[in-house]
Amino acid sequence: MTAAAILSILFYGLASWRLGVRSAADGRGTTRNGLGLLLGLLALASHMAAHALAIGQTGGIDLHFFSALSLVAFGMAAMSTTVAWTRSFEALGSVVYPIAALALLAHVAAGTQQAPTLGWQLQLHALLALLAYATLAIAAVLALMLWTQERALRQRRLDNPLLRRLPPLTELEQLLFRTIGAGFLLLTAALLTGVMFVENLFAQHLVHKTVLSVLSWVVFGALLVGRIRYGWRGRRAVRWTLWAMMLLLLAFFGSKFMLELVLDKTG
């Protein structure tokens, strides 16, 4: 596992450097960089291998704090690579790849822990939850990019190098809402499977997770409705996205941090 993780971290670093340097040199963040994306794919393959080896050691998927963080970061990196390949939007990968590398490094440093035995129902719920977190985390990164781009345009800083590395404002905003829509569907499925398959809600310290997740779901849903009915966009969309993502982070990683790292409990 350690060797695969080291390779992945190395490839993530090279991919981020390649995408960032290429975009800065060309003044274009929306051109396809074959070498950078190839390095990103190698990083993803090594990242996946590291977790596969960990599953072989523990006998199941380790969903403790740092392992879950690494899995979510893997999903973010995979989606960033897909976006960079299909939409020639490389700036996203240059931001997300270092996040994935740091998350994997933290997972390796923390070590693997024995995974609990889960039925297929709970495994499905966990998979949907991790996919939802990864997708909506990408939406949060896009929201920050949109806010930065809009701010630069409002201040008429047209020579800002960042503007040359990002897609047009309308295209970036469209990608943001499409990502939120996909993440909202995944979060809905995760919540439904949780209601159907998770038992002993109070005993498993899951009440606060559920409440915060539902609140996040409501905020994301309201944002999508506002976009469709009232054409919400710009700073309002950014604020709502970031608030909803903050609730989701508190729901999962905030509670895991307190239970596993502070109180030394599982949950």
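In which helix is the place of Leu 35? In this predicted model, Leu 35 belongs to helix α2, an element that covers residues 34-58. Its surroundings on the surface, the overall fold and the pairs of charged side chains are described below.

The protein is built from helices, with 9 helices and 0 strands assigned, and the order of elements from the N terminus on reads α-α-α-α-α-α-α-α-α. Of the 267 residues of the protein, 46% count as buried. When contacts between residues at least 6 apart in sequence are considered, 80% of them join residues that are at least 24 apart. The accessible surface of the protein amounts to about 13200 Å², and carbon and sulfur atoms account for 68% of that surface.

Part of the surface is taken up by a nonpolar patch, formed by Leu 35, Leu 38, Leu 41 and Leu 42, which together present about 340 Å² of accessible area. Within this patch, Leu 35 has a relative accessible area of 44% and is therefore classed as partly exposed, since the partly exposed class lies between the limits of 20% and 50%. Helix α2 also contains Ser 46, for which a relative accessible area of 10% is found, so that Ser 46 is classed as buried. When neighbours within four places in sequence are left aside, the residues in contact with Ser 46 are Ala 4, Leu 7, Ser 8 and Phe 11.

Turning to charged residues, side chains of opposite charge can pair when their charged atoms come close. A search of the whole structure yields 3 salt bridges. One of these connects Glu 150 with Arg 154, with a separation of 3.8 Å between the closest N and O atoms. Both residues are located in helix α5, which spans residues 120-154, and the two positions are 4 residues apart, or about one turn of the helix. The partners are not alike in their accessibility: Glu 150 counts as buried because its relative accessibility is 12%, under the limit of 20%, whereas Arg 154 counts as exposed because its relative accessibility is 53%, over the limit of 50%.

Glu 173 takes part in a salt bridge with Arg 227, in which N and O are 3.4 Å apart. Because Glu 173 lies in helix α7 (residues 169-197) and Arg 227 in helix α8 (residues 207-230), this pair ties together parts that are 54 residues apart in sequence. Glu 173 is buried, its relative accessible area being 4%, while Arg 227, with a relative accessible area of 26%, is partly exposed.

Glu 173 forms a further salt bridge with Arg 233, and here the closest N and O atoms are 3.3 Å apart. This pair likewise links distant parts of the chain, given that Glu 173 is in helix α7 and Arg 233 is in the loop between α8 and α9 (234-262), with the two positions 60 residues apart in sequence numbering. Arg 233 is partly exposed, at a relative accessible area of 45%. Through salt bridges that share partners, Glu 173, Arg 227 and Arg 233 are joined into one network.

Notes: Residues numbered from 1 in each chain as written. Predicted model: local features only at pLDDT ≥ 70, side-chain atom pairs only at ≥ 80, totals over all residues. Heavy atoms only, no water. Patch = residues over 30% accessible without salt bridge, like charges linked within 9 Å, V, L, I, M, F, W, Y side chains within 5 Å. Areas by Shrake-Rupley, 256 points an atom, 1.4 Å probe, with all protein chains shown as cover. Salt bridge = Lys/Arg side-chain N within 4 Å of Asp/Glu carboxyl O. Buried < 20%, exposed > 50% of the residue type's maximum accessible area, 1.4 Å probe, protein only. Contact = heavy atoms within 4.5 Å.
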